Amino acid sequence: MNEKTTAWTEEKVRKTLPVRGEDSHKGTYGTGLLIAGSTDMPGAAIISSQAAMRSGIGKLVVGTSEDVIPSIVPVLPEATYWRNGLDHLASDGIQQEFRAAAIGPGLPPEEKVEKALHKLLEKDIPLIVDAGALEKIPSTFSDRKSPVILTPHPGEFSRITGVSVEKVQNARVELAKEWAEKLNAVIVLKGNNTVTAFPDGEAFLNPTGNAALAKGGTGDALTGMLLGMLCCHENYRHGILNGVYLHGACADKWVKENSAHTLLAHELSELLPQVLRHFETKA
């Protein structure tokens, strides 16, 4: 296994962020599918879909419960909605072409979510698996060409691997690398200095972020940012690493003027326009 671990730096972000061409159109930056939100957790769909739309995606389709859609449309009229998308996905799969997909924010860990995940895995596109969709995953993703990106917090990583949370926290890099190789998946192990580990043994520590992110919903924002970044980056590794970095950078910007206690998850995507602009300008 390649033991190389390094930090994903501001310089690397600047070098790898895509430039939005003057002659580009929404098709240039792809259509993403987000399966998120439920009757009991509608906010997760709002937070993750807002973050995706702020992250460079061309078009977003949000598959969510019928009763959740009226809550999202007033704050995100730009998205397209797949009514009861989880139900349709679990039974029939998807017919439309997508550049990338994400599933999990605000979904309960139930059989229907597991079936929907397997339908998405049949499509050869990058797939982000988060929250409720992490409960029951395949033992390996070795039969896929496109990457699967798992985004667990330490508790979810513990459930996936059977390793105690204490051991996970004491060997974050080593375990993320080990299980990325075992599962043939990209693992984004969230927490202080989030670890992004690739199946080939390459891993990066994220230097951005702070305790303001220790609040419900911030992981949903990360999933949305990753989806948007995957759609507009040609290199999926750069898209993942930049998404993780910018997510933390938004929290860093927040604490420059505000208490870390007060950040709300949806405010991360509100901060993203200024944060992204900083990285687009010359240092």
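How do the residues lining the second largest pocket divide into nonpolar, polar and charged? The answer comes in point 4 of this note, after a look at the largest pocket. Please keep in mind that this is a predicted model.

1. **The largest pocket.** A good place to start is the largest pocket, which holds about 510 Å³ of space. Its lining consists of 26 residues, and those nearest the centre are K190, G191, L213, T218 and G219. Sorted by class, this lining has 15 polar, six nonpolar and five charged residues. Two helices, α9 (218-232) and α10 (236-255), each give at least two residues to the lining. Of the elements, α9 has the largest share, with four residues.

2. **A recorded site in this pocket.** The unreviewed UniProt entry lists K190, G191, N192, N193, T194 and G219 under "binding site". Although these positions spread over 30 residues of sequence, they cluster in space, with a largest C-alpha distance of 14.3 Å. K190, G191, N192, N193, T194 and G219 from this set are found in the lining of the largest pocket.

3. **A second recorded set.** UniProt, again in an unreviewed entry, also lists A44, G106, H153 and D220 for "binding site". From this set, the lining of the largest pocket takes in H153 and D220. You will find H153 in the loop between β7 (148-150) and α6 (154-161). With a relative accessibility of 35%, H153 counts as partly exposed. Leaving aside neighbours within four places in sequence, H153 is in contact with L189 and K190. A44, for its part, sits in helix α2 (residues 42-53). A44 counts as buried because its relative accessibility is 8%, and the cut-off for that word is under 20%. Not counting residues up to four places away in sequence, A44 touches P105, G106 and D220; G106 and D220 are also listed with A44 in the UniProt record.

4. **The second largest pocket.** Back to the opening question. The volume of this pocket is about 320 Å³. Of the 18 residues in its lining, R20, S55, G56, L276 and E280 are the closest to the centre. The elements that contribute two or more residues are α9 and α11 (266-280). Here α11 has the largest share, at five residues. As for class, the lining divides into 11 nonpolar, three polar and four charged residues. If you put the two pockets side by side, remember that the lining of the largest pocket has six nonpolar and 15 polar residues.

5. **G191 and T194 in one loop.** G191 lies in the loop between β8 (186-189) and β9 (195-197), and T194 is found in the loop between β8 and β9 as well. Are these two residues buried, exposed or partly exposed? G191 is partly exposed, as its relative accessible area is 41%, whereas T194 is buried, at 11%. The backbone oxygen of G191 lies 3.0 Å from a polar atom of the T194 side chain. Beyond residues up to four places away in sequence, T194 touches R172, V188, L189, F204, L205, N206 and V244.

6. **N242 in helix α10.** Which side chain makes a polar contact with the side chain of N242? The partner is W8, at 2.8 Å. N242 has its place in helix α10 and is buried, with a relative accessible area of 0%. Not counting residues up to four places away in sequence, N242 touches W8, V13, T16, L17, M229 and H233.

7. **A102 in strand β5.** The last residue in this note is A102, which belongs to strand β5 (residues 100-103). A102 is buried, with a relative accessible area of 0%. Setting aside residues up to four places away in sequence, A102 touches L33, L34, I35, L127, I128, T223 and L227. A102 and L150 are 48 residues apart in sequence, and their C-alpha atoms are 10.0 Å apart in space.

Terms used
Residues numbered from 1 in each chain as written. Predicted model: local features only at pLDDT ≥ 70, side-chain atom pairs only at ≥ 80, totals over all residues. Heavy atoms only, no water. 1 Å grid on protein atoms, 1.4 Å probe; cavity = no way out; pocket = protein on both sides within 12 Å on 5 of 7 lines; lining within 4 Å. Points joined across faces, edges and corners; volume = space filled by probe spheres on them. Nonpolar A, V, L, I, M, F, W, Y, C, P; charged D, E, K, R; others polar. UniProt positions renumbered as here; feature names shortened; annotations may be inferred. Buried < 20%, exposed > 50% of the residue type's maximum accessible area, 1.4 Å probe, protein only. Contact = heavy atoms within 4.5 Å. Polar contact = N/O pair within 3.5 Å; in protein donor to acceptor, adjacent residues only side chain to side chain.
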